[in-house]
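Student: I should like to go through this structure step by step, with the reasoning set out for each answer. Where shall we begin?

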Amino acid sequence: MSDRTMPAADTPTPGLSGTAGAPHIDAGDAGYSKDLKSRHINMIAIGGAIGTGLFLGAGGRLAGAGPSLAVAYAVCGVFAFFVVRALGELVLYRPSSGAFVSYAREFMGEKGAYTAGWLYFLNWSTTAVADITAAATYAHFWAMFSDIPQWILAMIALAVVLTANLISVKYFGEMEFWFAIIKVAALVIFMLVGIYLVVTQHEVGGHTPGLATITDSGGIFPMGMLPMLMVVQGVVFAYASVELCGVAAGETESPEKIMPKAINSIMWRVGLFYVGSVVLLALLLPYTSYSADQSPFVTVFDKLGVPGAAGVMNLVVLTAALSSLNSGLYSTGRILRSMAMSGSAPKFTGLMNKGQVPYGGILLTAGFGVLGVALNAFVPDDAFEIVLNLASIGILGTWAMIMLCSLLFWNRSKEGAVERPSYKLPWAPYTQIATLVFLATVVVLMWWGGGVGRTTVNCLPLIAAALVGGWFMVRKRVLALAAGRAED
């Protein structure tokens with residue numbers, strides 16, 4: 001059911017939600033089932049904090065920055081927590097499958113919602129390419145797939161996950177639940193094994209684990225501070241899915257009970273799984289032992305010589321890539337439907353199937369994944385790095401929009417127009433301002449680092465021009481629909 005068929009009584013005027021008794025309601029929220037349970041949301045939050053950026057990307061970043069990567073993960077993790085905590089406050093104020101796009105519409109108007117939505121699409125459409133690239137890379141670990149071209153494996157990964165995502169949100173929730181269980185179990189096993197190896201000083205690939213592995217290889221900053229700063233945008237990519245639980249909140253009962261627990265637990269997960277894993281990796285092997293073309297966890301088990309262990313871990317990281325792709329198709333489908341209801345996305349992205357899944361938006365994102373298949377065909381060695389940087393721009397833009405919405409929400413609350421829930425972002429508005437400064441700094445670091453990162457930042461005027469051009473294409477439809485809702 002769209003906003004064009006909903007009774008007027010069910011469609012309060014968007015943009016006027018600041019007044020008491022007239023809460024903003026996103027028409028894009030209509031028609032969804034509420035089949036996601038507490039266990040789904042909690043594991044989706046975990047899955048969002050553990051993805052391809054850790055399982056695959058950490059290898060190349062360890063090789064480039066050394067043990068200082070743990071510091072980068074810790075710092076970026078703090079700001080990622082601020083972002084998801086800000087989104088959590090907005091979710092508790094008003095749950096919506098449109099998430100920050102819906103909040104941008106409420107606090108920034110239709111232009112803000114349009115910008116937030118398409119930046120998020122840039123994030124996940126390019127992340128989808130990164131995920132299928134990672135999946136194809138993982139598959140090449142096994143001899144049976146080594147002769148199959150990377151682009152074919154990427155296409156198979158996309159087809160499998162797309163099919164699964166179109167069934168129902170309950171099926172998606174179950175998949176993510178078990179995907180997250182597998183990822184967490186694998187990391188726990190790795191950390192237990194790693195701690196055992198460090199404590200017993202059991203040799204790994206001819207090296208004795210321990211602090212000497214770090215000190216004998218140049219210390220925490222073997223090449224100085226600059227390499228650590230240069231990998232920050234890649235580390236931000238590793239946290240790209242933390243906002244997913246905010247999108248999923250629109251399809252669960254009692255989000256006010258579920259969301260705070262799920263969001264608060266992200267902080268210790270960051271410390272345990274990201275920082276802890278990188279510290280262990282640095283203690284087990286010299287940073288020069290890792291590379292961008294293999295998961296660092298696979299590298300450790302491979303050098304450990306445990307029969308089949310590397311293959312099992314490779315299967316786990318392949319699962320992580322497919323999980324991330326599954327999440328991206330899920331979230332963009334919901335965001336695009338919210339946008340379609342307001343006229344800022346193509347009409348077909350608002351369509352839903354019998355399983356109450358917005359298949360139009362999912363198919364659009366999958367279509368961009370096909371472009372990623374082509375990228376894997378022509379530049380297989382550089383495909384991951386290229387899309388990583390483009391995805392980082394989308395992530396930075398999305399996080400900035402979330403913090404801007406949070407800042408405007410805080411300002412509205414000071415004016416008495418809205419009431420903040422009991423679950424608040426701490427230290428507002430300084431938290432939002434500090435996070436926005438951090439995000440701007442990451443963009444500067446991307447440009448400063450040169451290479452693909454600088455090229456990506458130089459493309460920002462083109463991205464801005466595309467957004468402006470797109471707005472002029474859709475603004476008449478957007479404003480007409482907004483006027484129609486206002487009359488209702």
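Tutor: We begin with a definition: the expected span of a helix is 1.5 Å times one less than its number of residues. Please keep in mind that the model is a predicted one.

Student: What span does helix 12 reach from its first C-alpha to its last?
Tutor: Helix 12 covers residues 255–284, which gives it 30 residues. At 1.5 Å a residue, 44 Å is expected. The span in the model is close to that figure, at 41 Å.

Student: On which residue is the kink in helix 12 centred?
Tutor: The bend at a residue is the angle between axes fitted to the seven residues ending there and the seven starting there. For the kink in helix 12 this angle is about 35°. The residue at its centre is R269.

Student: How many residues of helix 12 are buried?
Tutor: The cut-off for buried is a relative accessible area under 20%. By that criterion helix 12 is mostly covered. Of its 30 residues, the number buried is 21.

Student: Is helix 4 roughly parallel or antiparallel to helix 12?
Tutor: The axes of helix 4, residues 69–93, and helix 12 come within 9 Å and cross at roughly 175°. Angles over 145 degrees count as roughly antiparallel. Helix 4 is therefore, relative to helix 12, roughly antiparallel.

Student: How many residues of the contact of helix 4 with helix 12 are nonpolar?
Tutor: The residues of this contact divide into three classes. Of these, 2 are charged and 3 are polar. The nonpolar residues number 20.

Student: V91 is found in helix 4; which residue of helix 12 does V91 touch?
Tutor: V91 is buried, because its relative accessible area is 1%. Leaving aside residues up to four places away in sequence, V91 touches Y103, G246, A249 and M259. Helix 12 spans residues 255–284. The partner with a number in that range is M259.

Student: What distance separates the C-alpha atoms of V91 and Y423?
Tutor: Along the chain, V91 and Y423 are 332 residues apart. In space, their C-alpha atoms are separated by 9.8 Å.

Student: How far apart in space are A180 and H40, C-alpha to C-alpha?
Tutor: A180 is found in helix 7, residues 169–200, and is buried, with a relative accessible area of 1%. In sequence, A180 and H40 are 140 residues apart. Their C-alpha distance is 9.6 Å.

Student: Is S344 buried or exposed?
Tutor: S344 is placed in the loop between helix 14 (309–342) and helix 15 (359–378). Its contacts beyond four places in sequence are Y114, W118, M339, V474 and V478. With a relative accessibility of 2%, S344 is classed as buried.

Student: Which residue is joined to A428 by a cis peptide bond?
Tutor: Most peptide bonds are trans. At this bond, omega is about 5°. The residue joined to A428 lies in the loop between helix 16 (383–415) and helix 17 (430–448), and is P429.

Student: W427 lies in the loop between helix 16 and helix 17; what is its phi?
Tutor: Most residues other than glycine have a negative phi. W427 is exposed, with a relative accessible area of 62%. Although W427 is not a glycine, its phi is positive, at about 60°.

Technical notes: Residues are numbered from 1 along each chain as its sequence is written. This is a predicted model: local features need pLDDT of at least 70, side-chain atom pairs count only at pLDDT 80 or more; totals for chains, interfaces and linings use all residues. Side-chain values use heavy atoms; hydrogens and water are left out. Helices (H or I, at least four residues) and strands (E, at least two) are DSSP runs, numbered from the N terminus. Buried means under 20% relative accessible area, exposed over 50%, partly exposed in between (1.4 Å probe, protein chains only). Axes are lines fitted to C-alpha atoms, for helices over the stretch in contact, and angles run from 0 to 180 degrees between N-to-C directions. Angles under 35 degrees count as roughly parallel, over 145 as roughly antiparallel, 65 to 115 as roughly perpendicular and the rest as oblique. Ala, Val, Leu, Ile, Met, Phe, Trp, Tyr, Cys and Pro count as nonpolar, Asp, Glu, Lys and Arg as charged, and the others, Gly among them, as polar. Contact means heavy atoms within 4.5 Å.
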